[in-house]
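Hi everyone, thanks for coming. I'd like to walk you through one model today, so let's put it up on the screen.

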Amino acid sequence: MDVLTLLDYLIRGLSLGSVYAIIALGYTMVYGIAKMLNFAHGDVIMVGAYVCFFAMTGLSPMFEAGSMAAAVVPALAGVVLSMAVCTVLGVVIEGLAYKPLRQAPSLAVLITAIGVSYFLQNSALILWSSSPKIFSPIVGSGSQKIGPLTISHVTLVTIAACVVIMLALTAFTGRTKMGKAMRAVSEDKGAAQLMGINVNRTISMTFAIGSALAAIAGVLLCSAYPTLTPTTGSMPGIKAFTAAVFGGIGSIPGALLGGLLLGVIEIFAGAYISTQLSTAVVFGVLIVVLLVKPAGLLGKTVREKV
Amino acid sequence: MSRVVNRLANMNKTTRSSVFTYALVVGAFVILQLLRMTTGLGSVLEGQLIPICAYVTMALALNLVVGVSGELSLGHAGFMSIGAFLGCAAANGLAELIPFTPVRLGVAMVIGAALAGFFGFLIGIPVLRLNGDYLAIVTLAFGEIIKSVLTNTYLAVDKKGLHFSFLTDKNALEEGGLQLIRGPMGVMNTQRISTFTVGFVLVVITLVVIFNLVNSRTGRAIMAARDNRIAAESVGISVTKYKMIAFVTSAALAGAAGTLYGCSQTTFVATKFDFNTSILILVFVVLGGLGNMWGSVIAAAALTILPEALRQFADYRMLVYAIVLILVMLATNNPAIWGFFARLRERREEKKGGAAQ
């Protein structure tokens, strides 16, 4: 086992983990505020990837091949468009399916979310067929040599995107009025309402941000693993959700930590144990962590009052 | 006749509900059998009879955990797959020893149930220490682990005995050896031995087990632990023990359902019992009503037939299924509809009260 391969695996793990972390952020924010598991989140990722795919294939022929514009404009337009579509989609889903169930038991909301997830998957199946689309990476398939390591551009962009998103989100929740409103709502909905915070709008805003992040995650995920089908989002969705729980659900740094660790563990387990069992190893680690620290790595332990 | 009506009227709510459930299941079985003997059911429904029985059993088993014990399990398909794989492997392995198929199926089901129950116990030890959403995630994780492990398991039998290998098929078989579990290729049944009657018997046994458990001292302890963990502990109920009883019973029943289902297929693979299957069964339970057994029976039967009945919509059937699911959830949780039913009941009770005076 030489150091170079080890580093290579580590970087690949961090890249996959960054995608998980971005998805996990969406889960964790929604859970923190609405106290619901949004199972449709994984399918929003898939929608985002499809939108970006069609935007890119539609726009590329308009530019001269090999030119700077051809490399940048379609990719950028694809990302922006898919973020816009997913944001609208997230808000619409929340408004139509989840808002009427604010007072309902959490299991009812869970089942509705599952219904939405099926709905998105099957709509995609009808609209775009089940045959896989080959996604071309948004930043080309080139790579960068750093010392003895060769790192693909996609990996670099993924990790950079994750860092930028984390910093922006931390600043947003910590500094802005809306961010403070979000934290207040997740702390105590009733008290927040009494302080004049529009709870419904705050929840919609959370879904909007989560879905925009899902779009970015979808584009990055498909840049690294280029086959795109209507079920592309579901497994990464589940894994990102476990990442959110792993790091402590409701906590933003926790989502980052959980996502990165999960990605690294998955790649290492695939490399050194068995590719067929990598998922099992990931879930095994999750179980151990939850048994030792039931609130997740960075989660707050809430004392039960009698 | 009037005495029967009188007794029905004087029964308490739980007994009436169990009598209704038994009547529902037996009635459905008799009607379906009569139809099969006379006009026939049509190939679609005929092919769905055993899966319906298996899913009804699964829904009842999961309802015991989610509805009665109050813990969300997202990995019940894992127990179903243990039952399906090991039960069917046993059925195939015992083919020469027990030629009479109903007995062989019965033995296979007992084996499937026992092993699933055993794994339920092993998984329950860590899982039941957690609560709420964390428990749900850990059951999800176990479901995925069971799926991965079964996908990589190779089991075979020959004159020397059982051969087992993991990840790659290293079983060197003698002449006449039989492969029972073939890794990613799943299990291939030499003979489909499940019948509708056996499925019906399994559903009835499940109902007997669950009703007797729920309406016993143990069942009341389980529900007390669900309603208020701390209060239950303070009156001396061992919460973990009673939750474990519900969990293991449920896992064993799910294992039996898995054997029934597996033995009705020519071949099946572990990925059949993935997260989506667990969710599907949870949907039956929630739509039927938590803790409501006849609700689970109806929901499981209806929702197993629904995708088949929607076959004329071809590609749109799962879409319609999704929309039905969302609309039902929105409608059943709509305060306006509940208010309407509440008013209706009030009015009827007023009338009753008026008549008595």
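One definition before we start: a helix here is a DSSP run of H or I at least four residues long, and helices are numbered from the N terminus. With that in hand, please find B:Asn212, which lies in helix α7 of chain B, residues 196-214. Keep in mind that this is a predicted model.

Is B:Asn212 buried or exposed? It's exposed, because 12 other C-beta atoms lie within 10 Å, and a residue counts as exposed at 12 or fewer. B:Asn212 also has a partner from far along the chain: B:Ser18 is 194 residues away in sequence, yet the two C-alpha atoms are separated by 9.9 Å.

Now let's zoom out to chain B as a whole. It has 14 helices and 5 strands, and its C-alpha trace spans about 85 × 60 × 45 Å along the principal axes. The radius of gyration is 22 Å, which agrees with the value near 21 Å for a compact globule of 357 residues. Buried residues account for 44% of the chain. If you take contacts between residues at least 6 apart in sequence, 76% of them join residues at least 24 apart.

Last stop, the interface. In chain B, 33 residues are in contact with 33 residues of chain A. Helices α6 (133-151), α11 (275-288) and α13 (317-332) of chain B each supply at least two residues to that side, and α6(B) gives the most, with 10 residues. By character, the chain B side divides into 24 nonpolar, 5 polar and 4 charged residues.

That's my tour, and I'm happy to take questions!

Terms used: Residues are numbered from 1 along each chain as its sequence is written. Chains are lettered from A and ligands numbered from 1 in the order in which they are written. This is a predicted model: local features need pLDDT of at least 70, side-chain atom pairs count only at pLDDT 80 or more; totals for chains, interfaces and linings use all residues. The radius of gyration is taken over C-alpha atoms; the globule rule is 2.2 Å times the number of residues to the power 0.38. A residue is buried if 20 or more other C-beta atoms lie within 10 Å of its own, exposed if 12 or fewer, and partly exposed in between; C-beta atoms are placed from the backbone. Two residues are in contact if their C-beta atoms, placed from the backbone, lie within 7 Å. Ala, Val, Leu, Ile, Met, Phe, Trp, Tyr, Cys and Pro count as nonpolar, Asp, Glu, Lys and Arg as charged, and the others, Gly among them, as polar.
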